[in-house]
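Let's take a walk through this fold together, going from the overall layout down to one pair of residues. Have the viewer open as you read.

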Amino acid sequence: MMDSRVVVAALLLVFGLATVFAQSTTPNHVCETKNGTSCEECLKNVTCLWCITTKSCVTYPVRTILPPHSLCPLNDARWGLCWMNFQTLIITLAVIGGIIIIALLVCLFCCCKCENFGSKRFEAKMQRQANKMKTKQEERRAEMKQRHDDIRKKYGLSGQNPYSKFA
């Protein structure tokens with residue numbers, strides 16, 4: 001249950017920031033008109049930020065990305081969801097980002113290591129096959145030489161060729 005809340009909060013942060021950046025033409029004082037209302041009422045507009053300590057609704061400071069401490073401390077700032085403060089949201093997103101980066105690095109390492117292992121195994125197999133073929137070829141050569149020697153012996157050609165001295 002808590003994990004789904006974190007995912008929802010992360011999605012709200014991403015989509016909310018995108019919306020805030022996209023809505024640069026909205027009037028700056030829309031949020032200030034919601035002062036004195038509730039957090040839920042204030043956060044219906046994604047450009048608004050609710051501060052619990054002052055119970056005020058202010059326009060989200062887009063240029064600084066995070067609201068400055070003078071506007072509202074991160075512990076007391078609410079944006080997107082009233083039950084999650086900015087500090088928790090930042091820590092959660094940092095942990096999730098770190099886990100994703102570590103998972104990608106582990107996958108990359110495993111893929112590269114397995115690929116190298118596979119190629120070494122393939123090279124060893126090819127070397128074994130080449131050695132087998134070389135051994136068979138040598139055996140065939142030896143058999144052919146033996147057969148030729150037998151034929152020479154049979155016909156009396158095993159000695160030195162008498163015509164070799166004329167060549």
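What follows starts with the ground rules and then moves through the chain and its sheet.

This is a predicted model, where local features need pLDDT of at least 70, side-chain atom pairs count only at pLDDT 80 or more, and totals for chains, interfaces and linings use all residues. Residues are numbered from 1 along each chain as its sequence is written, and side-chain values use heavy atoms, with hydrogens and water left out.

Start with the parts list: the chain has three helices and four strands. Both kinds are DSSP runs numbered from the N terminus, with helices being H or I of at least four residues and strands E of at least two. Read from the N terminus, the order is α-α-β-β-β-β-α.

Now look at the sheet. Its four strands make an open, antiparallel arrangement in the order 2-1-3-4; strands count as paired if DSSP finds at least two bridges between them. Strand 2 (56-59) and strand 4 (81-85) sit at the edges with a single partner strand each, so one side of each has no neighbour in the sheet. On average, neighbouring strands here are turned by 40 degrees against each other, direction ignored (the axes are lines fitted to C-alpha atoms, and angles run from 0 to 180 degrees between N-to-C directions).

Zoom in on strand 1 (residues 48-51): four bridges tie this strand to strand 2, and the two run antiparallel. One of the contacts to find is cysteine 48, whose bridge partner in strand 2 is threonine 59.

Finally, step back: 20% of the chain's 167 residues count as buried, meaning under 20% relative accessible area with a 1.4 Å probe, protein chains only.

Conventions. Buried < 20%, exposed > 50% of the residue type's maximum accessible area, 1.4 Å probe, protein only.
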